[in-house]
Amino acid sequence: MEIREATDSDAAAIRSIAHDSLNSTYTAFLEEETIDEAIDQWYGDSLADEFADDRSLFLIIERDGDIAGFSQSELVGQQANTGHLLWLHVHPDHRGDATGVRLLVRTREALLEEGADGIQCFVLADNEGGNEFYRSHGFEQAGQREVEIGDETFTENVYVEADLEDDGGWGAIDEVTTDGETVYVSYGEGARGTRAPFYPTYKSEDRHDRYAWFCGNCDSIDNAMDAMGRIECNNCGNRRKATRWDASYL
């Protein structure tokens, strides 16, 4: 799996995935003609300008060399202190295999790295699957707003990160089977690596007992940590630097 920023050469793939994603989910309440008009408006000739705008962010997720989805987000406010995740599209063939949550996680991380103090996600109120996706991955509804699609006006639900009672971090937990083990990956507790973040895993969803580290680059838990806090993936070589000084060098 690879997640990267989109380039001009990805425009056709973005348009195709948006078309397949919207037509597989939204035709219950959007006319096909409205969807086609929206795709022309959002992902047509204006995409090059969007890519060039430093307040706009398009991330591409690839699986086995094929583009499986993309996210569209932006930084808003005078200090660019709020990140808006406007659309997260996953091709229907890649739904249910953690592609969506991994793209959500990386988009959130990228917006925070760009200086956002908080993240807001938007999904049409009639999209039951999309609303459940955000509720299941650490977000709660905070309000609504109106959005125009074609000549019609629709209601979007606005989601923000859930306010957890404990200090356990952002509550995006995902059940993953990897290296012959079923574990719960806590995406809200990531540690930066050289290729991708490492995430702690637990044997149960309540996160009581930490079990291993999950490599965000290759989805393996075959990782080693030393007394200095260094982590290295034995599968792909992804590394996290030491978290404290070795006394022998002081």
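Colleague: How far apart do the centres of the positive and negative side chains lie in the protein?

Modeller: Bear in mind that this is a predicted model. The protein carries 20 positive side chains and 53 negative ones. Take the centre of each set, and the two points lie 11 Å apart.

Colleague: What radius of gyration does the protein have, and why does it agree with a compact globule?

Modeller: The C-alpha trace spans about 65 × 40 × 40 Å along its principal axes. A compact globule of 250 residues would have a radius of gyration near 18 Å, so the protein's value agrees with that. That value is 19 Å.

Colleague: How many helices and strands does the secondary structure come to?

Modeller: Strand labels here include E4, E5 and E12, E13, E14. The full tally is five helices and 14 strands.

Colleague: Why does strand E5 count as largely enclosed, and how many of its residues are buried?

Modeller: Strand E5 covers residues 118–124. Buried means under 20% relative accessible area. Strand E5 is largely enclosed by the rest of the structure because most of its seven residues pass that test: the number buried is five.

Colleague: Which residue stands opposite Ile 119 of E5?

Modeller: Look at strand E4, residues 82–90. E4 and E5 run parallel, joined by four bridges. The residue opposite Ile 119 is Gly 83.

Colleague: Which strands are the edges of the open sheet E12-E13-E14?

Modeller: Three strands form this sheet, in the order E12-E13-E14, with antiparallel pairing. E12 and E13 are joined over three bridges, and Met 225 stands opposite Ile 231 in E13. An edge strand here pairs on one side only. That gives E12 (223–225) and E14 (239–240).

Colleague: Is Asp 64 buried or exposed?

Modeller: Asp 64 sits in the loop between strands E2 (56–63) and E3 (66–76). Its phi is positive, near 55°. Most residues other than glycine have a negative phi. The cut-off for exposed is over 50% relative accessibility. Asp 64 is at 79%, so the verdict is exposed.

Colleague: Where does Asp 179 lie?

Modeller: Asp 179 is another non-glycine residue with a positive phi, about 50°. At 45% relative accessibility, Asp 179 counts as partly exposed. Its place is the loop between strand E8 (170–178) and strand E9 (181–188).

Colleague: What share of the exposed area do carbon and sulfur atoms supply?

Modeller: Of the 250 residues, 45% count as buried. The protein exposes about 13100 Å². Carbon and sulfur atoms supply 40%.

Key: Residues numbered from 1 in each chain as written. Predicted model: local features only at pLDDT ≥ 70, side-chain atom pairs only at ≥ 80, totals over all residues. Heavy atoms only, no water. Pairing = 2+ DSSP bridges. Helix = DSSP H or I, 4+ residues; strand = E, 2+ residues; numbered from the N terminus. Rg over C-alpha atoms; globule rule 2.2 N^0.38 Å. Buried < 20%, exposed > 50% of the residue type's maximum accessible area, 1.4 Å probe, protein only. Areas by Shrake-Rupley, 256 points an atom, 1.4 Å probe, with all protein chains shown as cover. Lys, Arg positive; Asp, Glu negative; His and termini not counted. Charge placed at Lys NZ, Arg CZ, Asp CG, Glu CD.
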